[in-house]
Amino acid sequence: MSDRNFVLEVEDLGVSFDGFKAVDGFNFYLNRNSVHVIIGPNGAGKTTVLDLICGKTRATSGSIRFKDRELRGTREYKIVRLGVGRKFQNPSIYENLTVLENLELSHPTGRGVFGCLFFRRTPEIMGKCLEIAEQIGLADKLDTEGGILSHGQKQWLEIGMLLMQNPEVIMLDEPVAGMSVRERQETSQLIRKISQNRSVIVIEHDMEFVKEIADRVTVMHMGKVISEGSMETVQNDPKVIEVYIGH
Amino acid sequence: MIFFRTLFKTKGEAISFAVFVALIAIILPLALPIFRLNLVGKYLSYGFVAIGLVLLWGRCGILSLGQGVFFGLGGYCMAMFLKLEASDPVSTSIQTTPGIPDFMDWNQITQLPWFWEPFKSFTFASCAVFLLPGLIAFIIGWAMFRRRVGGVYFAIITQAIALILSLGIDGNQGFTGGRNGITDLKTLLGWDIRTTGAQYTLYFLCVFLLLASALLAKYIINTRFGRVLMAMRDREDRVRFSGYDVAMCRTFVFALAAMLSGLGGALFVLQVGFMSPSLVGIIPSIEMVIFTAVGGRLSVIGAILGCLIVNFGKTAFSEAYPDAWLYLMGGTFIAVVMFFPDGLAGILDKSGTLKAKLSTLGTGLMKKLKPAESAEKASAAVAEIPKTAEP
């Protein structure tokens, strides 16, 4: 069922660690230019799904198709170069480098060894860095070292580093964890903005935040999908209510 | 100008480099007799390994305890060429088989082994000096980094390789000269390398190549590749998920460090006149790491100075107390790792910043006491602060 509208099709994906099935028979279809949120209780396997898609963990079964190309078994850096970006749960930026250098290092020009050695900062690259810095609200912090940014700014910087690569799919693992209310609002605006011309997968716990950003929601429990649809459909699904309130 | 900026980020860096050039290219040759200068040349040949370790260990966080392997390979390539030149049929006419190296004759070998044949060519030998270590490091590095072998496992494996190679050379006397090594080297393309004039020339050749290598390393550190090296050290996953081939970048820097080490080995042979397995194994490999650590593993110039200082210390101290030297060196290493992780260069860097702070404080105080005159003095004092800024 290859549909042109799906940028990413994950079918029957599974992985087991020493017999424990962390993800099992996972199906997931990502629409173009939309925000798809994955929610679920702790240990449901949400982060593992992202790890499987970006190649950090090797799947034991199933397929991951990105624009009709199989990603399973492809090396991480090649998946990135194809156009799938990944943000980690803890802000993962280069603390010793400035905001500008962080962004510049993420620019796709010259990612080979010799490309790096003979890399020159062209006006185009500089322009791109400024444009992204503007978008993530760090335009006045270009020369600030990454390490001394606030927690929220670090999260935005990492999103900016993904945007530099101009990927078609961006995966964000708990982007608003530890953020203030205002920072959350700005982040949800940022996510809405970046999803205008690319698809975003978000893992999140904060239901208010999910309501604000999600076009579609997938609920995971014990490595399986238990419900999928719009936020309202999912919220009224008895299975979901049981998982969250039951026991 | 852009190129110059890539080499030296600050004025302080350019000044400290100029001071260093003056030291090894002018002051030491004028101040020291040729015997001592030849020793300096020998220490500077370890400097090539140290430059490689700055890139590999300091910048990229990969500790190799087997750099002696590449130093040795480069040295042996040069020594084999020189030995073949010294073993012409006339001067070896008393051997059973004239025209082959003496140690082969002692081991009843009657024909030059196949892998010695190409070393009759100077072009081949001088290319092999850095290409062979580079190729071998590339293969080892690729095999390990592709499988994500790193940290302490990488250190142990490289150390094992150093042991294997030194034992292999040791145990095959007929082919390699065994424990004695390759000795009695005389001429390079007919030019006697044992004369005082030749030793001066070789010293300056060594200095020239060392400075060129140091500039290359400084250039690399300040390019995007240099930033990728540090980024891989601190945030490996982020680099990988920014689309970089981490394994390839690491392999490249490992191979580059090996090529520099090989060049150092060849210059060692030319200046010292022999090569032996004692320069290949675990102890020299660890010693080279210590030189780098003491001098400063983040600083190219610092690491080279580390080679000079530790080796001068070794010479002076072991002449007086031969038994205590190893303990002293081990103690120094522990002290550096525990208290000064950035080595001497780091200490100088910090004291430079501290002095600057103190003198600004001093200027402020003096201004209050004696406004006009003291301010002049103070600003002169500030200008005199040695700029030792190395990142």
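In the predicted model, helix α10 (residues 238–245) of chain A lies across strands β3, β9 (216–221) and β10 of chain A, and runs at about 125° to β10(A). The strands beneath this description belong to an open sheet of six strands in chain A, ordered β6-β7-β8-β3-β9-β10, in which the pairing is mixed. The edge positions are taken by β6 (84–87) and β10 (224–229) of chain A; each has a single partner strand, so one side of each is left without a neighbour in the sheet. From one strand to the next, the twist averages 20°. Another helix of chain A, α6 (residues 151–164), lies across β6 and β7, with its direction at about 170° to β6(A).

Within the six-strand sheet, the order places strand β8 of chain A between β7 and β3. Pairing between β8(A) and strand β7 (residues 169–173) of chain A is parallel and comprises five bridges. In this pairing, A:L172 stands opposite A:V202 of β8(A). With strand β3 (residues 35–39) of chain A, β8(A) also pairs in the parallel sense, here over four bridges. A:V202 of β8(A) is the bridge partner of A:V37, and A:I203 of β8(A) stands opposite A:I38. A:V202 thus appears in both registers, opposite A:L172 and as the bridge partner of A:V37. The connection from β7(A) to β8(A) involves helix α7 (residues 181–194) of chain A, and the three elements make a right-handed β-α-β unit.

Strand β8 of chain A, which covers residues 199–203, is mostly covered, five of its five residues being buried. In a regular strand, side chains alternate between the two faces of the sheet. In β8(A), A:S199, A:I201 and A:I203 point one way, whereas A:V200 and A:V202 point the other way, and all are buried.

A further open sheet in chain A contains four strands in the order β2-β1-β4-β5, with antiparallel pairing. Its edges are formed by β2 (20–31) and β5 (69–70) of chain A, each of which has a single partner strand, so one side of each is left without a neighbour in the sheet. Strand β1 (residues 6–17) of chain A runs antiparallel to β2(A), and eight bridges join the two. One of the paired positions is A:S16, whose bridge partner in β2(A) is A:K21. Helix α1 (residues 46–54) of chain A lies across β1, β2 and β4 (61–66) of chain A, and runs at about 110° to β1(A).

In total, chain A has 10 helices and 10 strands. Its radius of gyration is 18 Å, close to the 18 Å that the globule rule gives for 247 residues, so chain A is as compact as a globular protein of that length. The C-alpha trace of chain A spans about 55 × 40 × 35 Å along its principal axes. Of the 247 residues in this chain, 54% count as buried. Among contacts in chain A with a separation of 6 or more, 66% are accounted for by residues 24 or more positions apart.

Chain B contains 17 helices and two strands. Buried residues make up 51% of its 391 residues. Of the contacts in chain B with a separation of 6 or more, residues 24 or more positions apart account for 77%.

The largest nonpolar core comprises 162 residues, and the members that touch the most other members are A:L103, A:L157, B:I24, B:L44, B:Y46, B:L82 and B:F225. Apart from its neighbours within four places in sequence, B:L82 is in contact with B:L185, B:T187, B:L188, B:I193, B:V269 and B:L270. A second, separate core contains 31 residues, including A:V15, A:L30, A:A44 and A:M171.

A polar residue of chain B was also examined. B:Q95 is located in the loop between helices α4 (67–86) and α5 (102–106) of chain B. The relative accessibility of B:Q95 is 13%, and the residue therefore counts as buried, the cut-off being under 20%. When residues up to four places away in sequence are not counted, B:Q95 touches B:I100, B:P101, B:D102 and B:D105.

Methods: Residues are numbered from 1 along each chain as its sequence is written. Chains are lettered from A and ligands numbered from 1 in the order in which they are written. This is a predicted model: local features need pLDDT of at least 70, side-chain atom pairs count only at pLDDT 80 or more; totals for chains, interfaces and linings use all residues. Side-chain values use heavy atoms; hydrogens and water are left out. Buried means under 20% relative accessible area, exposed over 50%, partly exposed in between (1.4 Å probe, protein chains only). Two strands pair if DSSP finds at least two bridges between them. A crossover is right-handed if, with the strands pointing away from the viewer, the path from the first strand over the helix to the second runs clockwise. A nonpolar core is a set of buried Ala, Val, Leu, Ile, Met, Phe, Trp, Tyr and Cys residues joined through side-chain atoms within 4.5 Å. Contact means heavy atoms within 4.5 Å. Axes are lines fitted to C-alpha atoms, for helices over the stretch in contact, and angles run from 0 to 180 degrees between N-to-C directions. The radius of gyration is taken over C-alpha atoms; the globule rule is 2.2 Å times the number of residues to the power 0.38.
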